[in-house]
Amino acid sequence: MDIQLISSEIAKKIIDSGFDSGHYEPIGLYIVKDNDMWVGIDNSNGHCFVEESKSKEVILQWLNREIDTESLYELNNSEVINKGAGLVKRKNLIDESKHYVSIHEPDISLLTDEELQQRNEMWNKLFEFAFEEKKERRRNQKIGKHSSIN
């Protein structure tokens, strides 16, 4: 399957396409440049797996199944020193998507107390965000059911 270079807008549409059904479209392998990161989208079977790397070559290897996801993480961690909150988080493209946030954590024993506190704050914000999103979806589903009766 050929890998297609796409825009951020198209990538967001692919990632959001399966929000309700769980089946993502269109089927294919995609790569997009998102700021300083390369994002690979493996939607070869409609399940939409998304990974990122600063290295285009690493993403191409992952999309071509030359390396697995664990190897991709190892290659990414070898390029990036685990500083700050110790989290690698997809920026803009994925954060703006309706439902997809992915975080890869390094070995937390390597973190300082300050970094560990930042990590915990990040997780709390993520859980709050996910909880609010779920409440909003349920609220919208209830509104949709009531409006269809009228």
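**Strand E4 and its surroundings**

Me: How many of the five residues of strand E4 are buried?

Reply: Four of the five residues of strand E4 (residues 49-53) are buried (under 20% relative accessible area; exposed is over 50%, partly exposed in between, with a 1.4 Å probe and protein chains only), so the rest of the structure largely encloses this strand. Strands are DSSP E runs of at least two residues and helices H or I runs of at least four, numbered from the N terminus. This is a predicted model: local features need pLDDT of at least 70, side-chain atom pairs count only at pLDDT 80 or more, and totals for chains, interfaces and linings use all residues. Residues are numbered from 1 along each chain as its sequence is written, and side-chain values use heavy atoms, leaving out hydrogens and water.

Me: What is the strand order in the open sheet?

Reply: Strands of a sheet pair through backbone hydrogen bonds, either parallel or antiparallel. Here four strands form an open sheet in the order E1-E2-E3-E4, with mixed pairing (at least two DSSP bridges per pair). Strand E1 (3-5) and E4 are at the edges with a single partner strand each, so each has one side without a neighbour in the sheet. E1 and E2 run parallel, joined by three bridges, and leucine 5 has isoleucine 31 as its bridge partner in E2. E3 and E4 run antiparallel with five bridges, one partnership being isoleucine 41 with valine 50 in E4. Their hairpin has five residues between the strands, and glycine 46 takes a positive phi near 85° there.

Me: Which residues make up the largest nonpolar core?

Reply: In soluble globular proteins, nonpolar side chains tend to be buried together. In this structure the largest such core (buried Ala, Val, Leu, Ile, Met, Phe, Trp, Tyr and Cys residues joined through side-chain atoms within 4.5 Å) has 11 residues: Ile6, Ala11, Ile14, Ile15, Tyr24, Tyr30, Val32, Val39, Ile41, Cys48 and Val50. Helix H1 (8-17), strand E2 (28-34) and strand E3 (37-43) supply at least two residues each, and H1 gives the largest share, three. Apart from this core lies another of nine residues, including Leu29, Ile31, Val58 and Leu63.

Me: Aspartate 42 has a charged side chain by name; is aspartate 42 buried or exposed?

Reply: Aspartate 42, in strand E3, is buried, with a relative accessible area of 7%. Its side chain makes polar contacts (N or O pairs within 3.5 Å, within protein one able to donate a hydrogen and the other to accept it; neighbours in sequence count only if both atoms are side-chain atoms) with the side chains of serine 44, at 2.7 Å, and arginine 65, at 3.0 Å.
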